[in-house]
Amino acid sequence: MVQHLLERQVAHIELTTRQSTILDIVKTNGPITGNHIAEKLNLSRAALRPDLAILTRSGILGARPRVGYYFTGKEPADLISTMLGNIRVADINSLPIVVRDSSSVYDAIVTMFIEDVGSVFVVSEGSLLEGVISRKDLLKATMGGKSINEMPIKVIMTRMPNIIMTTPQESALRAAKKLINHQVDSLPVVEAVQVDNLEKYQVVGRFTKTNITRLFVHLVDNKD
Ligand code: ADP
């Protein structure tokens with residue numbers, strides 16, 4: 001998955017010979033249509049499509065309908081932000097780990113251990129988001145001396161509408177900024193749904209600092 005992403009996004013760092021040639025043609029002749037580039041290379045327009053897609057997606061080339069391709073002149077730093085801005089939460093998120101809102105604090109602790117995660121989302125029927133529980137919330141609950149078997153998770157969770165969320169379509173960069181600005185380790189990835197005329201949020205994924213760390217490593221070290 002990430003491998004595929006990299007092939008799509010990072011190709012500009014090491015352009016193939018053909019991509020470098022296309023870039024030279026556009027720099028000298030741009031704006032120039034795809035057909036004219038193809039003619040100069042003695043190739044079909046279709047054969048060039050993947051290369052042109054990589055060059056435009058990475059921000060090196062711009063494209064305007066009926067005008068053609070042109071060199072954007074973007075600096076490497078701009079290209080990196082264009083590239084990162086193109087990566088969506090859906091490209092790098094993890095599976096959600098959830099407990100039902102009827103669970104006890106004990107259930108949530110067991111889930112956190114078994115699933116090896118730092119926070120768990122609390123959901124009602126239909127995977128609708130109700131709350132978030134982190135390690136610190138659970139530690140705090142155990143300090144009160146009350147029985148964790150009897151204590152409902154609802155009592156200690158951070159609840160809606162105070163939960164910071166993201167969506168599959170949001171850029172990974174924007175979601176990463178939410179993690180930093182709100183000082184949390186994870187965001188539920190949600191899709192908005194209507195339930196009894198109310199806006200609810202169905203949990204479809206988990207976006208964490210680990211997702212960002214993994215992306216960071218893969219961007220440099222092109223391995224799975
Ligand atoms: P830790 O317990 O390791 O500090 P966090 O920094 O993620 O973990 O959580 C700190 C607090 O923020 C906890 O009370 C938790 O319930 C709450 N929290 C965690 N994630 C979110 C979120 N996405 N939106 C709102 N609150 C959250």
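In this predicted model, S104 sits in the loop that runs between β3 (98-100) and α7 (105-115). With a relative accessibility of 10%, S104 falls below the 20% cut-off and therefore counts as buried. Leaving out residues up to four places away in sequence, S104 touches I148, N149, M151, P152 and I153.

The helix that follows this loop, α7, packs against helix α8 (residues 135-143) at an angle of about 140°, and the two axes are 11 Å apart. The pair is therefore classed as oblique, and the crossing of α7 and α8 is left-handed. On the α7 side the contact is formed by V105, A108, I109 and M112, which meet R135, L138, A141 and T142 of α8. By class, the residues of this contact divide into six nonpolar, one polar and one charged.

It is helpful to step back to the whole chain at this point. The protein contains eleven helices and eight strands. Its radius of gyration is 23 Å, well over the 17 Å that the globule rule gives for 224 residues, so the protein is more spread out than a compact globule. Taken along the principal axes, the C-alpha atoms fill a box of roughly 75 × 40 × 25 Å. Of the 224 residues, 39% are buried. Among contacts between residues at least 6 apart in sequence, 56% join residues at least 24 apart.

Helix α2 takes part in two of the helix packings described here, one with α4 and one with α3. The axes of α2 (residues 17-29) and α4 (residues 45-57) come within 10 Å and cross at roughly 75°. This angle makes α2 roughly perpendicular to α4. The residues that meet are R18, Q19 and I22 in α2 and A47, L48, D51, L52, I54 and L55 in α4. Six nonpolar, one polar and two charged residues make up the contact of α2 with α4.

Against helix α3 (residues 34-41), α2 packs at an angle of about 120°, with the axes 11 Å apart. That angle makes α2 oblique to α3, and α2 passes α3 in a right-handed crossing. The contact involves T21, I22, I25, V26 and N29 of α2 together with I37, K40 and L41 of α3. Sorted by class, the residues of the contact of α2 with α3 are five nonpolar, two polar and one charged. I22 thus appears in the α2 contacts with both α4 and α3. The loop between α2 and α3 holds P31, and the peptide bond from G30 to P31 is cis, with omega near 0°.

A cis peptide bond also joins M160 to P161, with omega near 5°. P161 lies in the loop between β6 (158-159) and α10. Within helix α10 (residues 172-181) is A175, which is buried because its relative accessible area is 0%. Apart from residues up to four places away in sequence, A175 touches V89, T166, E170, L187 and F207. A175 and M157 are 18 residues apart along the chain, and their C-alpha atoms are separated by 22 Å.

L187, one of the residues touched by A175, is also among the contacts of R206. R206 is placed in strand β8 (residues 198-208) and counts as buried because its relative accessibility is 14%. Beyond its neighbours within four places in sequence, R206 is in contact with N93, S94, L95, P96, I97, V117, F121, L187, V189 and N211. For one of these partners, P96, the C-alpha atom is separated from that of R206 by 4.8 Å, although the two residues are 110 residues apart along the chain.

Finally, two residues other than glycine deserve a look for their backbone angles. R66, with a positive phi near 65°, is found in the loop between β1 (61-64) and β2 (68-71). R66 is exposed, as its relative accessible area is 84%. Q183 likewise has a positive phi, of about 50°, although it is not a glycine. The place of Q183 is the loop between α10 and β7 (186-195), and a relative accessible area of 72% makes Q183 exposed.

Definitions and conventions
Residues are numbered from 1 along each chain as its sequence is written. This is a predicted model: local features need pLDDT of at least 70, side-chain atom pairs count only at pLDDT 80 or more; totals for chains, interfaces and linings use all residues. Side-chain values use heavy atoms; hydrogens and water are left out. Helices (H or I, at least four residues) and strands (E, at least two) are DSSP runs, numbered from the N terminus. Buried means under 20% relative accessible area, exposed over 50%, partly exposed in between (1.4 Å probe, protein chains only). Contact means heavy atoms within 4.5 Å. Axes are lines fitted to C-alpha atoms, for helices over the stretch in contact, and angles run from 0 to 180 degrees between N-to-C directions. Angles under 35 degrees count as roughly parallel, over 145 as roughly antiparallel, 65 to 115 as roughly perpendicular and the rest as oblique. A crossing is left-handed if the near helix is turned anticlockwise from the far one by less than a right angle, and right-handed if clockwise. Ala, Val, Leu, Ile, Met, Phe, Trp, Tyr, Cys and Pro count as nonpolar, Asp, Glu, Lys and Arg as charged, and the others, Gly among them, as polar. The radius of gyration is taken over C-alpha atoms; the globule rule is 2.2 Å times the number of residues to the power 0.38.
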